[in-house]
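Me: I would like to learn how to read the features of a protein model one at a time. Please begin with the words used for how open a residue is.

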Amino acid sequence: MNHVLQLVRDILENEKRTAKEQLQLNKICELEDKFVKSFSKEKWKEYFDLDIEKGQLHNLEIDRAIEITYKACKKLFLGH
């Protein structure tokens, strides 16, 4: 299972974003720039800490989706 997770992570990392994904990222960046415009150093640190934790959750969600997909495919194609 760990090999499957790593394989999917590697593929995701090497794939280019779709136009739709890039547009969404641009929107997020614009809103984030407005939001953090007047942050102090302390607020920036808090914001980065929060962002890291949100990234960790996102990674866990991706891993879970991969695990579920793997189990489903295994059942469908191998009958296990």
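Reply: A residue is called buried when its relative accessible area is under 20%, exposed when it is over 50%, and partly exposed in between, using a 1.4 Å probe and protein chains only. Tryptophan 44, with a relative accessible area of 31%, is therefore partly exposed. Residues are numbered from 1 along each chain as its sequence is written, and what you see is a predicted model, in which local features need pLDDT of at least 70, side-chain atom pairs count only at pLDDT 80 or more, and totals for chains, interfaces and linings use all residues. Side-chain values rest on heavy atoms, with hydrogens and water left out.

Me: What percentage of the residues in the protein chain is buried?

Reply: Of the 80 residues in the protein chain, 6% are buried.

Me: How many helices and strands does the secondary structure of the protein chain have?

Reply: Helices (H or I, at least four residues) and strands (E, at least two) are read as DSSP runs and numbered from the N terminus. Here the protein chain has three helices and zero strands, so that reading along the sequence gives the pattern α-α-α. For the overall spread we use the radius of gyration, taken over C-alpha atoms, and compare it with a globule rule of 2.2 Å times the number of residues to the power 0.38. The protein chain is more spread out than a compact globule, because its radius of gyration is 18 Å, well over the 12 Å that the rule gives for 80 residues. Along the principal axes, the C-alpha atoms fill a box of roughly 55 × 30 × 15 Å.

Me: Does one check the length of a helix against a rule, and what does helix 2 span?

Reply: The expected span is 1.5 Å times one less than the number of residues in the helix. Helix 2 (residues 19-36) has 18 residues and should span 26 Å, which agrees with the 26 Å between its end C-alpha atoms. Helix 2 lies largely in the open, because the number of buried residues among its 18 is one.

Me: How many salt bridges does the structure hold?

Reply: Side chains of opposite charge can pair when their charged atoms come close. The cut-off for a salt bridge is a side-chain nitrogen of Lys or Arg within 4 Å of a carboxyl oxygen of Asp or Glu. The structure holds four of them, including the one between lysine 43 and glutamate 46, whose closest N and O atoms are 3.2 Å apart. In another, aspartate 49 meets lysine 45 with the closest N and O atoms 2.9 Å apart, and glutamate 67 is joined to arginine 64 at 3.5 Å, N to O.

Me: Why are lysine 43 and glutamate 46 separated by about one helical turn?

Reply: An α-helix has 3.6 residues a turn, so residues three or four places apart point the same way. Lysine 43 and glutamate 46 are about one helical turn apart because three residues separate them in helix 3 (residues 41-78). Aspartate 49 and lysine 45 are four residues apart in helix 3, again about one helical turn, while glutamate 67 and arginine 64 are three residues apart in helix 3, also about one turn.

Me: Are lysine 43 and lysine 45 exposed or only partly exposed?

Reply: Lysine 43, at 43% relative accessibility, is partly exposed, whereas lysine 45, at 52%, is exposed. Their partners glutamate 46, at 38%, and aspartate 49, at 36%, are both partly exposed.

Me: How many aromatic pairs are there?

Reply: Rings of Phe, Tyr and Trp (its six-membered ring) pair if their centres lie within 6.5 Å, and planes under 30 degrees apart count as stacked, over 60 as edge-to-face and the rest as tilted. By this rule there are seven aromatic pairs. Phenylalanine 39 and tryptophan 44 make an edge-to-face pair, 5.9 Å centre to centre with 75° between the planes. Tryptophan 44 also pairs edge-to-face with tyrosine 47, at 6.2 Å and 85°. Tryptophan 44 and tyrosine 47 are three residues apart in helix 3, about one helical turn, and tyrosine 47 is buried at 15% relative accessibility. Phe35, Phe39, Trp44, Tyr47 and Phe48 form one aromatic cluster.
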